[in-house]
Amino acid sequence: MSLSWRGAAALAALTAAAVTAAQLGFVAPAAAAPGPPPGSIASMGDSISRGFNACGWYVDCPSRSFSTGTDTGVNSHYLRIKAVNAAINGHSYNDAASGAKVADMPGQAASAVSQGAAYVTILIGANDACTSSESSMTSVAAFRASLDSALGALKAGLPSAKVLLISIPDLQRLWQVGSGSASARTIWSVFGVCQSMLANPSSTAAADVARRDRVRQRVVDFNGQLAAACVAYGANCKYDGGAVFGYQFTLSQVSTWDYFHPNAAGQAALASISYAAGFGW
């Protein structure tokens with residue numbers, strides 16, 4: 001029996017709270033009043049923010065982006081804001097890039113600054129943990145350094161903008177929901193999808209179990225840095241509190257072209273969960 005979006009959001013919030021308290025040690029910054037709904041939005045991130053594989057085979061589908069998309073079925077942040085502030089119409093910028101890692105965020109921040117965005121969403125880190133092998137994952141220190149550089153550029157160039165940092169989804173959850181599918185296992189192997197986590201998906205050997213746990217911990221550590229960086233940024237930044245990480249997505253919300261990226265239903269869930277954890281416009 002599947003949960004409604006409202007029920008899923010409640011479950012995500014409860015799960016995320018437990019994750020935050022136990023693993024991230026997150027302390028929210030003093031929040032500024034959200035102010036009126038913004039008149040422009042920019043999305044920073046990777047293929048998830050580009051809507052990759054959400055409408056076609058191995059192509060970007062920005063219309064179905066959870067952040068800046070125009071597809072009413074997804075009901076993105078942009079469309080939710082547009083419903084209460086028509087002035088945002090036409091002022092939506094998707095600066096994300098498929099394949100991007102956190103090291104690419106300073107460049108994307110420069111784009112958002114040039115666009116004068118009043119609201120910026122950032123979802124980054126999946127490609128820093130999802131690599132060809134565990135040893136090639138981005139280090140926690142390097143992740144934070146690139147993140148701080150990007151946030152510094154945003155704060156200097158867009159001092160009044162609101163910034164939402166979205167937690168990285170739980171990659172081990174992907175293994176949990178997909179490892180029982182022969183199709184998923186085949187695609188992961190043939191296309192080399194996220195081998196740091198998804199290599200040998202049927203294996204119960206101690207080494208493979210430990211590897212998956214370590215990759216998940218790296219995601220937890222990255223999310224901890226997102227939380228801490230948001231505190232350092234100040235009142236105009238909000239971290240989602242681990243809501244997206246804690247969301248228990250299902251295989252039906254994942255593209256059957258790669259069994260990795262959110263499909264349209266997954267993008268809709270991501271929009272709902274992340275917006276509810278945001279500024280409350």
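The following exchange examines the packing and the aromatic contacts of a predicted model.

Trainee: Which helix gives the most to the largest nonpolar core?

Mentor: The largest nonpolar core has 75 residues. Val120, Ile122, Leu151, Leu154 and Leu165 touch the most other members. The helix that gives the most to this core, with 9 residues, is α9 (residues 206–233).

Trainee: Which residues does Val120 touch, not counting residues up to four places away in sequence?

Mentor: Val120 is among the core residues that touch the most other members. Leu154 belongs to that group too, and Val120 touches Leu154. With residues up to four places away in sequence not counted, the residues that Val120 touches are Ala42, Met44, Ala112, Leu154, Leu158, Lys162, Val163 and Leu164.

Trainee: Is Trp57 buried or exposed?

Mentor: Trp57 is found in the loop between β1 (41–45) and α2 (77–82). With Val190, Phe191 and Trp257, Trp57 forms a nonpolar patch on the surface, and together they have about 450 Å² of accessible area. The relative accessibility of Trp57 is 54%. Exposed means over 50%, so Trp57 counts as exposed.

Trainee: Which residues form one aromatic cluster with Trp57?

Mentor: Phe52 and Tyr58 form an edge-to-face aromatic pair, with 5.7 Å centre to centre and 90° between the planes. Phe52 is buried at a relative accessible area of 14%, whereas Tyr58 is partly exposed at 26%. Phe191, a member of the surface patch, also belongs to the cluster. The residues that form one aromatic cluster with Trp57 are therefore Phe52, Tyr58 and Phe191.

Trainee: How many residues apart are Tyr119 and Trp281?

Mentor: Tyr119 and Trp281 form an edge-to-face aromatic pair, at 4.8 Å centre to centre and 80° between the planes. Both Tyr119 and Trp281 are buried. Tyr119 lies in strand β3 (residues 119–123) and Trp281 in the segment after α11 (264–276). The pair links distant parts of the chain, and the separation is 162 residues.

Trainee: How many aromatic pairs does a search of the whole structure find?

Mentor: The pairs include Phe52 with Tyr58 and Tyr119 with Trp281. For the whole structure, the search finds a number of aromatic pairs equal to 7.

Trainee: Does Ser179 count as buried or exposed?

Mentor: Ser179 lies in the loop between α6 (171–178) and α7 (182–190). Not counting residues up to four places away in sequence, Ser179 touches Leu174, Arg185, Trp188, Pro201 and Ser202. Its relative accessibility is 16%. Buried means under 20%, so Ser179 counts as buried.

Technical notes. Residues numbered from 1 in each chain as written. Predicted model: local features only at pLDDT ≥ 70, side-chain atom pairs only at ≥ 80, totals over all residues. Heavy atoms only, no water. Core = buried A, V, L, I, M, F, W, Y, C linked by side-chain atoms within 4.5 Å. Buried < 20%, exposed > 50% of the residue type's maximum accessible area, 1.4 Å probe, protein only. Helix = DSSP H or I, 4+ residues; strand = E, 2+ residues; numbered from the N terminus. Contact = heavy atoms within 4.5 Å. Patch = residues over 30% accessible without salt bridge, like charges linked within 9 Å, V, L, I, M, F, W, Y side chains within 5 Å. Areas by Shrake-Rupley, 256 points an atom, 1.4 Å probe, with all protein chains shown as cover. Salt bridge = Lys/Arg side-chain N within 4 Å of Asp/Glu carboxyl O. Phe/Tyr/Trp six-rings, centres within 6.5 Å; stacked < 30°, edge-to-face > 60°.
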